[in-house]
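Visitor: I'm new here and would like a quick tour. Could you put the structure up so we can chat about it?

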Amino acid sequence: MAERRAAPSATGHVTATGGAETRRDSPHTHPLLGQGPPLTVALDPGTAGALTVRLAGDLDMDTVDLLRRALDQVLRHGFASVAVDLSQLRFCDSSGIRTLLFGCADAERLGCRMYVVNPRPFILRVFELTGVTSLLGLPERRAPERSDRGYAPPPF
């Protein structure tokens, strides 16, 4: 597989190149999801030393290097806080979770607060199942209370 390259644009977008590099069995070619850029990273400066990193597409073992390079550059610029917006993320595998966790740890070491915002429900569920929600700066959701009596069918 060819090496992925980052192409920054004037708007602060960085896109992983796709095309012929996309594997046939990759989630990027799923018949229901279509085929778009594997991962787009957009940087939106805020106020008072804050930055939002917006991810769109798929964060997986094929695209984590793009995010890793972007976070390395962002964290070295001395922002007080970095929010990683996942509202447009379609997929995240364990390598994506690992990259986000290492990003948060690197940010803390550099005196910055990095946290995740707006994950889609299915991505939030993966974070909950893997036990990383609080490590990514997400609030813990209370588990639904269970009846002590076991399963109760819904009333009709």
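Visitor: Which side chain does Arg-54 meet in a salt bridge?

Guide: Quick background: this is a predicted model, where local features need pLDDT of at least 70, side-chain atom pairs count only at pLDDT 80 or more, and totals for chains, interfaces and linings use all residues. Residues are numbered from 1 along each chain as its sequence is written, and side-chain values use heavy atoms, with hydrogens and water left out. A salt bridge here is a side-chain nitrogen of Lys or Arg within 4 Å of a carboxyl oxygen of Asp or Glu. At 2.7 Å, N to O, the partner of Arg-54 is Asp-85.

Visitor: How many residues apart are Arg-54 and Asp-85?

Guide: Arg-54 sits in strand S4 and Asp-85 in strand S5; helices (H or I, at least four residues) and strands (E, at least two) are DSSP runs, numbered from the N terminus. The pair links distant parts of the chain, and the separation is 31 residues.

Visitor: Is Asp-85 buried or exposed?

Guide: Buried means under 20% relative accessible area, exposed over 50%, and partly exposed in between (1.4 Å probe, protein chains only). Arg-54, at 36%, is partly exposed. Asp-85 has a relative accessibility of 7%, so Asp-85 counts as buried.

Visitor: Why do the buried residues of H3 line one face of the helix?

Guide: In H3, residues 121-130, the buried ones are Ile-123, Leu-124 and Phe-127. Look down the axis of H3 and take the directions from the helix axis to the C-beta atoms: the buried residues line one face because they fall within an arc of 100°.

Visitor: Which residues are exposed on the other side of H3?

Guide: Let's go round the helix. The buried residues pack against strand S5, helix H2 and strand S6, with contact meaning heavy atoms within 4.5 Å. On the other side, the exposed ones are Pro-121 and Leu-129.

Visitor: Which element gives the most to the largest nonpolar core?

Guide: A nonpolar core is a set of buried Ala, Val, Leu, Ile, Met, Phe, Trp, Tyr and Cys residues joined through side-chain atoms within 4.5 Å. The largest one has 31 residues, and Leu-55, Leu-59, Leu-86, Leu-100 and Phe-127 touch the most other members. Elements giving two or more residues include S3, S4, H2 and H3. With 7 residues, the top contributor is H1.
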